[in-house]
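Subject: Handing over the structure

Dear colleague,

I am passing on to you the structure that we spoke of, with the sequence beside it. Please look through it before you read my notes, which come after it.

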Amino acid sequence: MEDYSAKIIESSSELTARERIALKDIRNAISLDAEVNPGDSLIITPDKFAIISVHNERAKGDKDYTKYVLVDTAGNKYFTGSESFYRSFRQIWDEMKADAPDEPFSIECYKVESKNYAGKYFISCSIAP
């Protein structure tokens, strides 16, 4: 069994071999969780996204987890493991692609304080004005 493997389980479009390899490698990507601080926001104009299933025998916690990777129109690559972010992002993506497929849009990424855990935050997004 391999120590580490990453597999694209879904993507926003057909990908070339080069694109698949690039999306699975998040070492050169920007972590949304680290980039976005409470009280700040980050605007991203998404071009494509992928869901990556990761198996990592050397991980301290879960050995199997999911990463969500976004590439913006400038070619910057972002990632997060946040399901709350991905749910919000996917609702925006799906509606914009269904109802306004040719209209460019941006998302505003930010952290929201958790109601369940004092002093903790989760990452989310909204469509940018």
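What follows is an account of the sheets, the helices that lie on them, one salt bridge and the largest pocket.

Please keep in mind throughout that this is a predicted model.

I begin with the sheet of 5 strands, which is open, has mixed pairing and follows the order β1-β4-β5-β6-β2. Its edges are taken by β1 and by β2 (30-31), each of which has a single partner strand, so that one side of each is left without a neighbour in the sheet. Within this sheet, β4 and β5 run antiparallel to each other and are joined over 9 bridges, and if you would like a place to start looking, F49 has L70 in β5 as its bridge partner.

Two helices lie across this sheet. Helix α1, which covers residues 17-24, lies across β1, β4, β5 and β6 (77-80), and its direction makes about 120 degrees with that of β1. Helix α3, which covers residues 83-99, also lies across β1, β4, β5 and β6, in this case running at about 145 degrees to β4.

Helix α3 is tied to strand β1 in another way as well, since the side chains of E10 and R90 form a salt bridge, with 2.6 Å from N to O. This pair joins distant parts of the chain, for E10 sits in strand β1 and R90 in helix α3, 80 residues apart. In the whole model the count of salt bridges comes to 5.

The other sheet to look at is an open one of 3 strands, with antiparallel pairing and the order β3-β7-β8. Here the edge strands are β3 (41-44) and β8 (121-127), each of them pairing on one side only, and neighbouring strands are turned against each other by 30 degrees on average, with direction ignored. Strand β7, residues 107-113, pairs with β3 in the antiparallel sense over 4 bridges, and L42 has C109 in β7 as its bridge partner. Helix α3 packs on this sheet too, touching β7 and β8, and its direction makes about 10 degrees with that of β8.

Lastly, there is the largest pocket, which holds about 240 Å³ of space. The elements that give two or more residues to its lining are β1 (4-11), β4 (46-56) and β5 (64-72), and of these β1 gives the most, with 3 residues. The lining includes Y4, S5 and A6, together with K24, D25, I26 and R27, and it is completed by I52, V54, Y65 and K67. By type, the lining residues of this pocket divide into 6 nonpolar, 1 polar and 4 charged.

With best wishes

Methods: Residues are numbered from 1 along each chain as its sequence is written. This is a predicted model: local features need pLDDT of at least 70, side-chain atom pairs count only at pLDDT 80 or more; totals for chains, interfaces and linings use all residues. Side-chain values use heavy atoms; hydrogens and water are left out. On a 1 Å grid over the protein atoms alone, a cavity is a set of points where a 1.4 Å probe fits but cannot get out, and a pocket is an open set with protein on both sides within 12 Å along at least five of seven lines; lining residues have an atom within 4 Å of a point. Grid points are joined across faces, edges and corners, and a volume is the space filled by probe spheres set on the points. Ala, Val, Leu, Ile, Met, Phe, Trp, Tyr, Cys and Pro count as nonpolar, Asp, Glu, Lys and Arg as charged, and the others, Gly among them, as polar. Two strands pair if DSSP finds at least two bridges between them. Contact means heavy atoms within 4.5 Å. Axes are lines fitted to C-alpha atoms, for helices over the stretch in contact, and angles run from 0 to 180 degrees between N-to-C directions. A salt bridge is a side-chain nitrogen of Lys or Arg within 4 Å of a carboxyl oxygen of Asp or Glu.
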